[in-house]
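Work through the exercises below with the structure open beside you. Try each task before reading its solution.

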Amino acid sequence: MKPIVAIVGRPNVGKSTLFNRVTRTREALVGDHPGVTRDRHYGDARWDETPFTLVDTGGFTTGDDLAAEIRLQVHQAMEDADVIMLVLDGKEGLSPFDKDLIQILRAVSKPVFYVVNKIDGPEQEIHLYDFYSLGIEKLYPVSAEHRYGLTDLLDDLVQALPGDAGERHADRSPDMIALAVVGRPNVGKSSLINRILGKERLLVSNVPGTTRDAIDTVCRVQAKSYRLIDTAGIRRKGKVSQKIEKFSIIKALKSLDRCDVALIVMDAAEGITDQDINIAGYALERGCGCILLLNKWDLLEKNRQTAKKYREQLKSQAKFLSFAPATTISALTGLRVSRIFRLVDEVYAQYAQRIGTGRLNQILEAAIAKNAPALHQGRRLKFYYATQVSAKPPTIVCFVNYPEAIHFSYERYLINQIREGAGLDKTPIRILFRQRARRKHKGQPPKRD
């Protein structure tokens, strides 16, 4: 699980520019996974071999409710992120909003980095004096646009991140399937969890969670244990402003990083929204098994075509999750809730499966013979061999002569052929292309420069 760093601040201080610079992306608003195009407010970053997740909280509009929204945003960051980065505007100087934010952050027990952006060089650091007048011990003058000061900021930032993620999984039983219940606010996540833990009369025990201030709940269904991840955080209710709904991504990311299977809850009465598809995309990118749950089915006026219509809509909007089982439920009445665990077992069995190297190569040879890849600069693409390097999800490495020439459509074709050949129709599959190391022939003289 990667630590989470939240970027907060008022509009137009350069949060998105800093986000793009640190994550080394040109466009923070474009997803790079085939079939997924969506507003993207988080990105994976790495500095000095330390990985972390950066969350951009930009996108606010001006208005009378701005101060209240920013305060709510900062309180969310205080609760959910591991480190907070407040970005200030070095050209415009201090504003009343900045002072309010700084006052709130003084009480935070988590590391806070005060970043003064738009400082293009040492000669402009004179603009820091106004900010030092607030009694801030350390300021980081940077230019996100020109990279000035970023090395010092990131060096200190990674030192403040929590320890090795492996420690956070130390208390987890290898036989226990970890489930994360995720979705937009008010889609029925709390009701579903309470139905599972209460009215279904499952055996429940609370154990310390692996994230700060969180409780994982262990339940037992038909002699099998499951862990509901971060249910304390998910269960809490509160009014969530629509404009900052994306900030709930932090909770989702923390849960998804630690789960085997994500239960993605949607409100069937409201209809499938773009944000539902966004959250499903986050689960896929995190490598989770996925089950799509259309909740509040009891509230709909239905006919024989209703379920079919919703499934077709899901299939159309979430093509990248065509493998994920979907079912209609009602957390309120208990309709089909018991079916969820049967689906979880089916998904997890495939999610943890390994394919023998011989069988895998037979599948790929047959797929390539049926549909050969396009030529690369007039040369034939050669597939030498493939092997599965890990499970959860099944991850396969193919050794080829031109890895960069594999088109994503052909990658998708190979994944579909593996699904069909290995019977993995309910799990994500990752396929990586690598260039085979050249063999050294005996007796061959070394090459000269």
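The exercises that follow concern a predicted model.

**Exercise 1. Salt bridges across the chain**

Task: Find which residue forms a salt bridge with D44, and classify both partners as buried, partly exposed or exposed.

Solution:
- Step 1. Start from the total. A search of the whole structure finds 11 salt bridges.
- Step 2. Pick out the pair. D44 bridges to K2, and their closest N and O atoms are 3.5 Å apart.
- Step 3. Place both ends. D44 is in strand β2 (residues 42-47), while K2 is in the segment before β1 (4-8). The pair is 42 residues apart and links distant parts of the chain.
- Step 4. Classify. Partly exposed lies between the 20% and 50% cut-offs. D44 has 36% relative accessibility, so D44 is partly exposed. K2 has 28%, so K2 is partly exposed too.
- Step 5. Extend the picture. K2 and D44 belong to a network of salt bridges that also contains D257 and R286.

**Exercise 2. A helix-to-strand link**

Task: Find which residue forms a salt bridge with D345, and say where each partner lies.

Solution:
- Step 1. The partner of D345 is K224, with the closest N and O atoms 3.4 Å apart.
- Step 2. D345 lies in helix α11, and K224 lies in strand β10 (residues 224-228). These parts of the chain are distant, with the two positions 121 residues apart.
- Step 3. Check accessibility. D345 has a relative accessible area of 26%, so D345 is partly exposed. K224 is partly exposed because its relative accessibility is 33%.

**Exercise 3. Two ends, two classes**

Task: For the salt bridge of K296 and D267, decide whether each residue is buried or exposed, or partly exposed.

Solution:
- Step 1. Confirm the contact. The side chains of K296 and D267 meet at 3.0 Å, N to O.
- Step 2. Place the residues. K296 is in the loop between β12 (289-295) and α10 (306-317). D267 is in strand β11 (residues 261-267), 29 residues from K296.
- Step 3. Apply the cut-off: buried means under 20%. D267 has a relative accessible area of 4%, so D267 is buried. K296 has 21% relative accessibility, so K296 is partly exposed.

**Exercise 4. Surface patches**

Task: Say which residues make up the patch of positive charge and which make up the nonpolar patch.

Solution:
- Step 1. The positive patch gathers K302, R311, R336, R339 and R342 on the surface.
- Step 2. Take R336 from this patch. R336 sits in the loop between β13 (326-328) and α11 (339-351). R336 is partly exposed because its relative accessibility is 31%.
- Step 3. The nonpolar patch consists of I126, Y129 and Y132, which together have about 350 Å² of accessible area.
- Step 4. Take Y129 from this patch. Y129 is in helix α4 (residues 129-132). Exposed means over 50%. Y129 reaches 58%, so Y129 is exposed.

**Exercise 5. A hairpin and the loop after it**

Task: State in what sense β14 and β15 pair, then place P403.

Solution:
- Step 1. Strands β14 (residues 383-390) and β15 (residues 395-400) pair in the antiparallel sense over 6 bridges. Within this pairing, C398 in β15 is the bridge partner of A386.
- Step 2. Look at the turn. The hairpin has 4 residues between its strands, and K392 takes a positive phi near 55°.
- Step 3. Move on to P403, which sits in the loop between β15 and α13 (408-422). Its relative accessibility is 17%, so P403 is buried.
- Step 4. Compare sequence with space. P403 and K382 are 21 residues apart in sequence, and their C-alpha atoms are 9.7 Å apart.

How values were computed. Residues are numbered from 1 along each chain as its sequence is written. This is a predicted model: local features need pLDDT of at least 70, side-chain atom pairs count only at pLDDT 80 or more; totals for chains, interfaces and linings use all residues. Side-chain values use heavy atoms; hydrogens and water are left out. Patches are made of residues with over 30% relative accessible area and no salt bridge: like charges are joined within 9 Å, nonpolar side chains (Val, Leu, Ile, Met, Phe, Trp, Tyr) within 5 Å. Accessible areas come from the Shrake-Rupley method with a 1.4 Å probe; for residues, only the protein chains shown count as cover. A salt bridge is a side-chain nitrogen of Lys or Arg within 4 Å of a carboxyl oxygen of Asp or Glu. Lys and Arg count as positive and Asp and Glu as negative; His and the chain ends are not counted. The place of a charge is taken as NZ of Lys, CZ of Arg, CG of Asp or CD of Glu. Buried means under 20% relative accessible area, exposed over 50%, partly exposed in between (1.4 Å probe, protein chains only). Two strands pair if DSSP finds at least two bridges between them.
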